[in-house]
Amino acid sequence: LTLESELALAVERGEFELFYQPQVRLIDGGLVGAEALIRWRHPVRGYVSPGEFMPVVNTSALSERIANWVMETACRQARAWELSGNNVRVAINLSPSQLQSGDLAHSVAALLDATGLTPSLLEIEVTEDILLHDERRVLAMFKRIQELGVRVLFDDFGTGYASLSYLKKFPLDGLKIDRSFVFGLLANSDDAAIVGSTIGLSKQLGLTVVAEGIEDEATADFLVSMGCEEGQGYFFGRPMPAEAFDRQFLAAG
Ligand code: G
Ligand code: G
Ligand code: NA
Ligand code: MN
């Protein structure tokens with residue numbers, strides 16, 4: 001069996017799951033959202049990380065199907081949280097191939113309609129490579145998605161080749177500072193300069209800024225002192241199943 005045919009079977013068998021990682025307000029640690037991260041619960045190998053199978057998904061016919069499954073599962077979860085009185089924004093990741101296929105804005109609109117989810121509780125994270133594709137098409141699609149009230153965030157900011165020019169071209173709602181700049185923040189003055197400038201830039205552009213990869217309190221404190229509003233990382237919580245997320249972060253009832 002090739003990995004691609006195994007993945008097709010996995011879709012049939014419902015072997016995919018979404019894990020959720022908390023995103024917090026750095027000033028007080030309050031929960032603001034969750035990033036949904038796909039996992040494949042393989043019957044023999046256990047949880048397989050997306051780094052191992054998404055590259056195959058992205059070049060296969062399964063790409064659109066899995067994107068739709070991710071969106072639907074995340075929207076249902078966000079709606080369940082909303083109904084229980086917790087306004088937790090849920091962010092999903094879409095790879096360039098998934099943004100290319102089908103009519104994404106239409107699927108998003110249909111899902112919001114079907115689930116009743118408040119649109120501002122859904123976020124879409126895109127990486128810069130999306131913007132290597134047909135620029136006008138991508139722009140039009142983002143615009144339609146944003147008109148629905150769904151936010152679009154630039155993921156892994158700073159790691160690409162032309163991050164600043166993309167900020168200029170695309171009407172984003174926010175950016176996520178890549179964890180490679182956050183890890184060394186306390187020890188490396190270059191990283192601190194890059195992160196500090198990115199926070200300033202985001203504010204001037206009116207963008208939300210989220211720091212990724214926060215692994216300790218000192219880094220979180222330093223980010224607060226630099227004016228960063230939101231963060232995510234193992235210090236606040238690892239990606240986990242929805243039930244664990246409920247128990248750890250949301251008040252029961
Ligand atoms: O969760 P983990 O660190 O293993 O994720 C590895 C990579 O897989 C990350 O770059 C993440 O953005 C990507 N990824 C995780 N979940 C999804 C998903 O549902 N869809 C897509 N397209 N990428 C995902
Ligand atoms: O590419 P993207 O930014 O979507 O990747 C998100 C991935 O980063 C998640 O799969 C998650 O496992 C990983 N991640 C989240 N927080 C941390 C962290 O604090 N440290 C490290 N090393 N990885 C993290
Ligand atoms: Na992401
Ligand atoms: Mn990222």
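Here is a chat between a visitor and a guide about why certain labels apply in this structure, which is a predicted model.

Visitor: Why is Q232 called buried?

Guide: Buried means under 20% relative accessible area. Q232 has 3%, so the label fits. As for its place, Q232 lies in strand β9, residues 230-232.

Visitor: Which residues does Q232 touch, leaving out those up to four places away in sequence?

Guide: Among them are Q21, P22, K176, V210 and E35.

Visitor: What makes the link between the side chains of Q232 and E35 a polar contact?

Guide: The cut-off is 3.5 Å between N or O atoms, with one able to donate a hydrogen and the other to accept it. The two side chains make their contact at 2.7 Å, so the distance passes.

Visitor: Why is E230 counted as buried?

Guide: E230 is in strand β9 too, and its relative accessibility is 10%. Buried needs a value under 20%, so E230 qualifies.

Visitor: Which side chain makes a polar contact with the side chain of E230?

Guide: That would be R89, at 2.9 Å. R89 also turns up among the residues that E230 touches, along with V24, L26, V32 and T208, when residues up to four places away in sequence are not counted.

Visitor: Let's go to the metals. How do you know which protein atoms are donors of the sodium ion, ligand 3?

Guide: For Na, an N, O or S atom counts as a donor within 3.2 Å. E35 (OE), N93 (OD1), E125 (OE) and D155 (OD) lie 2.1 to 2.3 Å from the sodium ion, so these atoms meet the cut-off. Along the chain, the donors follow the spacing E-x57-N-x31-E-x29-D. E35 in strand β2 (residues 31-42) and N93 in strand β4 (residues 89-93) are 58 residues apart, and the pair links distant parts of the chain.

Visitor: Which residue bridges the sodium ion and the manganese ion?

Guide: D155 does, and the sodium ion (ligand 3) and the manganese ion (ligand 4) lie 3.9 Å apart.

Visitor: Is E35 buried or exposed?

Guide: E35 has a relative accessible area of 6%. The limit for buried is under 20%, so E35 is buried.

Visitor: And why is N93 called partly exposed?

Guide: Partly exposed covers the range between the 20% limit for buried and the 50% limit for exposed. N93 comes in at 27%, so partly exposed is the right label.

Visitor: What surrounds ligand 1?

Guide: The residues around ligand 1 include L37, I38, P50, N93 and Q98. A polar side-chain atom of Q98 lies 2.9 Å from a nitrogen atom of ligand 1. The protein covers 73% of the 500 Å² of accessible area that ligand 1 has on its own. Backbone N or O atoms also come into play: one of I38 lies 3.0 Å from a nitrogen atom of the ligand, and one of N93 lies 3.2 Å from a nitrogen atom of the ligand.

Visitor: Why is M71 called buried?

Guide: M71 has 2% relative accessibility, and buried is under 20%, so the name holds. M71 is found in helix α3 and is in contact with I92, L104, S107, V108 and L111, leaving aside neighbours within four places in sequence.

Visitor: How many residues are in the largest nonpolar core?

Guide: There are 74, and those with the most contacts inside the core are Y20, F53, F142 and L223. The largest share of this core, eight residues, comes from helix α3 (residues 63-83).

How values were computed
Residues numbered from 1 in each chain as written. Chains lettered and ligands numbered in written order. Predicted model: local features only at pLDDT ≥ 70, side-chain atom pairs only at ≥ 80, totals over all residues. Heavy atoms only, no water. Core = buried A, V, L, I, M, F, W, Y, C linked by side-chain atoms within 4.5 Å. Buried < 20%, exposed > 50% of the residue type's maximum accessible area, 1.4 Å probe, protein only. Helix = DSSP H or I, 4+ residues; strand = E, 2+ residues; numbered from the N terminus. Contact = heavy atoms within 4.5 Å. Near = heavy atom within 4 Å. Areas by Shrake-Rupley, 256 points an atom, 1.4 Å probe, with all protein chains shown as cover. Donors = N, O, S within 2.8 Å, 3.2 Å for Na, K, Ca; no water.
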